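This report covers two serine side chains and one helix pair. The structure is shown first.

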Amino acid sequence: MKYIYLDNAATTRVAPEVLEAMTPYFTEYYGNPSSIYSFAGKSKDAMEEARAKIAGILGAKPEEIYFTGGGSESDNWALKATAEAYANKGKHIITSTIEHHAILHTCEYLEKHGYEVTYVGVDENGIIRLDELEQAIRPDTILISVMAANNEIGSIQPLKEIGEIARKHGVFFHTDAVQAFAHIPLNVDEMNIDMLSASGHKINGPKGIGIMYIRKGVKIGSFIHGGAQERKRRAGTHNVPGIIGMAKAAEIADANMEERMAYECKLRDHLIERVLAEIPYSRLNGDRTKRLPNNANFCFRFIEGESMLIKLDQKGICGSSGSACTSGSLDPSHVLLAIGLPHEIAHGSLRLTISQETTMDDIDYTVDELKKIIEQLRSMSPLYEDFVKKQK
Ligand SMILES: *Cc1c(COP(=O)(O)O)cnc(C)c1O
């Protein structure tokens, strides 16, 4: 059976060119880039080229890019190491209510260890309230961490404005850009970003590789202790194939960004328009325009997300309800609650995230099947029956 994969916010397929670029670094140039002999030089040179490529895409310097084990590690590093390094300046951190759990659970950890965290709210479209953000800054605030784009509802945050506020108050600004990097334009200088997390597997690269951008002058220590790799800031033998793969994926994505964004927006908008027009009691979650080109997120009243996903799966369609991290739990998404949805509506959510490989036929097939599934599920719902009776 053919799968229609519409869960690209959870992970993506490794592009054939990416795999091809990686393969020699498993089998031929497998040397440890930290070794002295010239055989290892090949992997070291390739790794430094990869670092420069990624730096170029972000408007950063190569020595400001650190390779990590993924987005979650970068997020943990940014928060915990900043907290530790700047504790004598203050113990207050500001973040948003709609962050990924790699940020939120790290904040909870820090709260248990003597730090205070302010969670700034978002508007009904999932955009951070800038006035609330600025008001939350105190003399002991050391860090603002706000994601570049949300992984559930796709809302794109006003990074430049957040960066300006942070700079004005002398507070560091970290952004979890895992969903945004190589998907939409980002520039660390234009946006006053001091630290940035990105991941390989959300951009058609491999899993288990990520980066952290750390602006020169941010004096945070190591998170993984051991060898002297990554300017002594991140120990552990380099994942050379992963590094090569992530840089190749980023290079391809960056070179085709405008074209891909236009294509994905066209498909996304068609999907949104058809769903809202053809499925009654549906709503779009997240901002209509300030959203990732590949993201659509809906709520359907009188529908339970999980049963919808199972029925979609039976038709070969891969989607998700909330994020991959919360699926399996019965709690509604913290993001949907943060934009003001009541529990019973938040439970009926569906996230469909497309890629450059998705076709218009895939979208039409998905909407056709979704319509039938929702009709069928509602026909079995006593709540819906009551609701329809009351309407008459
Ligand atoms: C996927 C994701 C992460 C985690 O990245 P991993 O590389 O899977 O650890 C963090 N933040 C956001 C916004 C994500 O979408």
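In this predicted model, the backbone oxygen of glycine 126 lies 2.9 Å from a polar atom of the side chain of serine 155. Serine 155 sits in the loop that runs between strand E5 (141–145) and helix H7 (159–168). With a relative accessible area of 0%, serine 155 is buried, because the cut-off for buried is under 20%. Apart from neighbours within four places in sequence, the contacts of serine 155 include Asn125, Gly126 and Ile127, and also Lys290 and Arg291.

A second serine, serine 145, belongs to strand E5. Serine 145 is also classed as buried, at 1% relative accessibility. Its side chain makes a polar contact of 2.8 Å with the side chain of histidine 174. Beyond four places in sequence, serine 145 touches Leu79, Ile94, Thr95, Ser96, Glu99, Ile103 and His174.

The two serines are set out below.

| Residue | Relative accessible area | Partner of the side chain | Distance |
|---|---|---|---|
| Serine 155 | 0% | backbone oxygen of glycine 126 | 2.9 Å |
| Serine 145 | 1% | side chain of histidine 174 | 2.8 Å |

The helix pair comes next. Helix H3 (residues 38–58) and helix H8 (residues 240–255) have axes that come within 9 Å and cross at roughly 35°. The crossing is left-handed. On the H3 side the contact is made by Ser43, Ala46, Met47, Ala50, Lys53, Ile54 and Ile57. H8 contributes residues including Val240, Ile243, Ile244, Glu251 and Asp254. By class, this contact holds 11 nonpolar, 1 polar and 3 charged residues.

Technical notes. Residues are numbered from 1 along each chain as its sequence is written. This is a predicted model: local features need pLDDT of at least 70, side-chain atom pairs count only at pLDDT 80 or more; totals for chains, interfaces and linings use all residues. Side-chain values use heavy atoms; hydrogens and water are left out. Axes are lines fitted to C-alpha atoms, for helices over the stretch in contact, and angles run from 0 to 180 degrees between N-to-C directions. Helices (H or I, at least four residues) and strands (E, at least two) are DSSP runs, numbered from the N terminus. A crossing is left-handed if the near helix is turned anticlockwise from the far one by less than a right angle, and right-handed if clockwise. Contact means heavy atoms within 4.5 Å. Ala, Val, Leu, Ile, Met, Phe, Trp, Tyr, Cys and Pro count as nonpolar, Asp, Glu, Lys and Arg as charged, and the others, Gly among them, as polar. Buried means under 20% relative accessible area, exposed over 50%, partly exposed in between (1.4 Å probe, protein chains only). A polar contact is a pair of N or O atoms within 3.5 Å; within protein, one must be able to donate a hydrogen and the other to accept it, and residues adjacent in sequence count only if both atoms are side-chain atoms.
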